[in-house]
Amino acid sequence: MSVFSPEYDLTTLSESRLNTILETKRLGRGLIEVHQSLDSTNARAKFLSRAGAGEGALIVAETQTSGRGRLGRSWHSPPGKNLYFSLILKPVPVDDPPLLTLAAGLAVAEALDRMAGRTPELKWPNDLLFDGLKTAGILTELETGSDGSRWAILGVGLNVNLEVADLPSELAGRAGSLMIATGCSWDRHEVLAALLKEIEEVYFKLASDGRAETLTRYRRLCRTIGQRITITTGGQSLDGLASGVDEHGRLIVIRHSDGRRLSFAGGEVTLRPSPQR
Ligand code: BTN
């Protein structure tokens, strides 16, 4: 794949170009919508899924006016530089929703590694960082139909050609991009096609009993494991050692105060510096 594609740098995302390079079997093969602007691709995918859109439907936006992040945060979504997209995954391939979230983070990390030759770190559950700068985030939302069927909306935000000068002050020094990490600009169509291919691979793998292998691959890239952390969930924080990720995708933490082993399906992790010897 050519990493530097100046002829595409300034183009907007197009469905027809995406169609010519997609290598997936199901993701992006049914409904594709490419919008100049949306409130949130997850919100649009949710609406379409309730109206009957099926597995693999892909919603992409050049910019989002209310991009959503995890834990009720917003996602900075300036136009023309990055990728913001959502997929309908139907049925949900695993019983444990956290596992789907982890698997999606792994897929994005492995796609970037393969494409850019740089391995991002995963911060549990699924933040992707290059050089400590958050470059991608994933928001999985589960839906249940009136007939009890379940599906997932998988939303991915990846900073592709964002430059340091594009960052608002509150994100400076905290957010990065593929361009900042690699020093060159990227064709967003090629990047999106590579992400979809890898997401589909883990999606099929989870559906066909590949969870153990998926978790092994996840743990290899997860930099949270082995770190002293603070985890905050439900308004409560605790300090401990992140000792692993269990078979359900939950973070295992050994609490400092009493050595108790606890597991978390969600929450916000802050890495703590190791004590000086
Ligand atoms: C996070 O907080 O790390 C998750 C960020 C997820 C952002 C993406 S952008 C595309 C999709 N649509 C949204 O509104 N959010 C997700």
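**View 1. Pro 91 turns up in the loop between β3 and α4 (97-116).** This is a predicted model, and the first stop is a bend in the backbone. The peptide bond running from Lys 90 to Pro 91 is cis, and its omega is near 5 degrees. Most peptide bonds are trans, so a cis one is worth a look.

**View 2. A cis bond also joins Trp 124 to Pro 125.** Here omega comes out at about 0 degrees. Where does Pro 125 sit? Look in the loop between β4 (121-123) and β5.

**View 3. Leu 71 has a positive phi.** The value is near 55 degrees, and Leu 71 is of course a residue other than glycine. Follow the chain through the loop between β2 (58-64) and β3 and you'll come across Leu 71. As a reminder, most residues other than glycine have a negative phi.

**View 4. Asp 209 has a positive phi too, near 70 degrees.** This residue belongs to the loop between α6 (188-207) and α7 (211-221). Like Leu 71, Asp 209 is not a glycine.

**View 5. The ligand makes polar contacts with Thr 41, Gln 64 and Lys 134.** Start with the nitrogen atoms of the ligand: one lies 2.9 Å from a polar side-chain atom of Thr 41. A ligand nitrogen is also 3.0 Å from an N or O atom in the side chain of Gln 64. On the oxygen side, an N or O atom in the side chain of Lys 134 comes to 2.6 Å from a ligand oxygen. How much of the ligand does the protein bury? Taken alone, the ligand exposes 410 Å², and 98% of that is buried by the protein.

**View 6. A shell of 20 residues surrounds the ligand.** The closest ones are Ser 40, Thr 41, Arg 68, Arg 70 and Lys 134. By type, the shell splits into six nonpolar, 10 polar and four charged residues. The ligand itself sits in the largest pocket. Two or more shell residues come from each of α3 (41-50), β3 (83-89), β6 (133-144) and β7 (150-158). Which element gives the most? That's β6, with four residues in the shell.

**View 7. The largest pocket has a volume of about 770 Å³.** Its lining is made up of 36 residues. Nearest the centre of the pocket are Arg 73, Ser 74, Trp 75, Lys 134 and Leu 171. Lys 134 is a familiar face here, since it also ranks among the closest residues to the ligand. The elements giving two or more residues to the lining are α3, β3, β5 (127-130), β6 and β7. Once again β6 gives the most, with four residues in the lining. Sorted by type, the lining has 12 nonpolar, 14 polar and 10 charged residues.

Methods:
Residues numbered from 1 in each chain as written. Predicted model: local features only at pLDDT ≥ 70, side-chain atom pairs only at ≥ 80, totals over all residues. Heavy atoms only, no water. Near = heavy atom within 4 Å. Polar contact = N/O pair within 3.5 Å; in protein donor to acceptor, adjacent residues only side chain to side chain. Areas by Shrake-Rupley, 256 points an atom, 1.4 Å probe, with all protein chains shown as cover. 1 Å grid on protein atoms, 1.4 Å probe; cavity = no way out; pocket = protein on both sides within 12 Å on 5 of 7 lines; lining within 4 Å. Sits in = over half its atoms within 2 Å of the grid points. Nonpolar A, V, L, I, M, F, W, Y, C, P; charged D, E, K, R; others polar. Points joined across faces, edges and corners; volume = space filled by probe spheres on them.
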